[in-house]
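Please open the structure in your viewer and keep the sequence panel visible. The tour below proposes one selection at a time and explains what is found there.

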Amino acid sequence: NLNEATFVAFDRGQLLFDAPINQTGSWRSDVVVPQWNVEKPISHLRFTAALDMLPSQTWGFLGVQTECNATDYANDNGSDDWLMVYIGGPDRTVWVEYTPNEQLVPVEGFRFAPVVNGQSYQIDLIWHEESVQVYVDEKPQGVPIPCLRPMRFNLNAGLDTNMQIRGYIDNFALWE
């Protein structure tokens, strides 16, 4: 469902993002309508992504967002816990941001593998018990992140003022 994603299209099975220069004066994000309340918790999420950023561009990303409940916060309503795995950013890397409760726990971020314009990368998120491990092209990145298995996700692109983002997400797969 692309109702919220103005600058997104499907072409031969690829989900293409082509957001023009953001001239709003504030942060902007183009979101494919979130998939809420998947019937069973997700144990593995995989997607392939490629990015095309101008050399002078300092910010922009493509990726996936899920819940990120931790055991201590598992009874909250899910509105302020999240895990984002993206390619892009100022360092052109695969990077993660997460918090189990935005009101009580600071957001943590990790930068992983560098990315090259136009090259595709397979990203895997695999949950084991109470944590998730991020893989880039089948190589584990960093340490497991404390997150319970989620029941929702969305695909999106984001960009700051005067930035533009192009790229695609392909081969999206989900396991229970």
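Which residues does Gln 122 touch, not counting residues up to four places away in sequence? Before selecting Gln 122, please note that this is a predicted model.

**First stop: Gln 122**

Select Gln 122, which is found in strand 9 (residues 121–128). Display its surroundings: Gln 122 touches Arg 46, Phe 47, Thr 48, Tyr 135, Val 136, Asp 137 and Glu 138, with residues up to four places away in sequence not counted. Now show the side chain of Asp 124 as well. A polar contact of 2.9 Å joins the side chains of Gln 122 and Asp 124.

**Second stop: strand 4**

From Gln 122, move to Thr 48, since the two residues are bridge partners, with Gln 122 standing in strand 9. Strand 4 (residues 44–52) is mostly covered, as seven of its nine residues are buried. Strand 4 and strand 9 run antiparallel and are joined by six bridges. Next, select strand 13 (165–175). Strand 13 also runs antiparallel to strand 4, and eight bridges join the two. Here the bridge partner of Thr 48 is Asp 170.

**Third stop: an open sheet**

In general, strands of a sheet pair through backbone hydrogen bonds, either parallel or antiparallel. Select the six strands of the open sheet whose order is 3-12-5-6-7-8; their pairing is antiparallel. Strand 3 (28–31) and strand 8 (108–114) stand at the edges, each with a single partner strand, so one side of each has no neighbour in the sheet. From one strand to the next, the twist averages 25°. Within this sheet, look at strand 5 and strand 6, which pair in the antiparallel sense over six bridges. Val 64 can serve as a marker: this residue stands opposite Val 85 in strand 6.

**Fourth stop: aromatic rings**

How many aromatic pairs does a search of the whole structure find? The search finds six. To view one of them, select Phe 61 and Trp 95: their ring centres are 5.8 Å apart and their planes meet at 90°, so the pair is edge-to-face. The pair links distant parts of the chain, for Phe 61 belongs to strand 5 and Trp 95 to strand 7 (residues 93–99), 34 residues apart. Both residues are buried: Phe 61 has a relative accessibility of 5%, and Trp 95 has a relative accessible area of 2%. Add Tyr 86 to the selection, and a cluster appears in which ring pairs link Phe 61, Tyr 86 and Trp 95.

**Fifth stop: the disulfide**

The structure holds one disulfide. Select Cys 68 and Cys 147, whose sulfur atoms are 1.8 Å apart. Cys 68 lies in the loop between strand 5 (61–66) and strand 6 (82–88), while Cys 147 lies in the loop between strand 11 (139–146) and strand 12 (153–159), so the pair ties together parts that are 79 residues apart in sequence. The torsion about the S-S bond is about -65°, so the disulfide is left-handed. Are these cysteines buried or exposed? Both Cys 68 and Cys 147 are buried.

**Last stop: Asp 160**

Finally, select Asp 160, in the loop between strand 12 and strand 13. Asp 160 counts as partly exposed because its relative accessibility is 33%, and partly exposed denotes values between 20% and 50%. Its contacts include Asn 22, Trp 27 and Trp 59, not counting residues up to four places away in sequence. Show Ser 26 too: the C-alpha atoms of Asp 160 and Ser 26 are separated by 6.5 Å, although the two residues are 134 residues apart along the chain.

Note on methods: Residues numbered from 1 in each chain as written. Predicted model: local features only at pLDDT ≥ 70, side-chain atom pairs only at ≥ 80, totals over all residues. Heavy atoms only, no water. Disulfide = S-S within 2.5 Å. Helix = DSSP H or I, 4+ residues; strand = E, 2+ residues; numbered from the N terminus. Buried < 20%, exposed > 50% of the residue type's maximum accessible area, 1.4 Å probe, protein only. Contact = heavy atoms within 4.5 Å. Polar contact = N/O pair within 3.5 Å; in protein donor to acceptor, adjacent residues only side chain to side chain. Pairing = 2+ DSSP bridges. Axes fitted to C-alpha atoms, helices over the stretch in contact; angles between N-to-C directions. Phe/Tyr/Trp six-rings, centres within 6.5 Å; stacked < 30°, edge-to-face > 60°.
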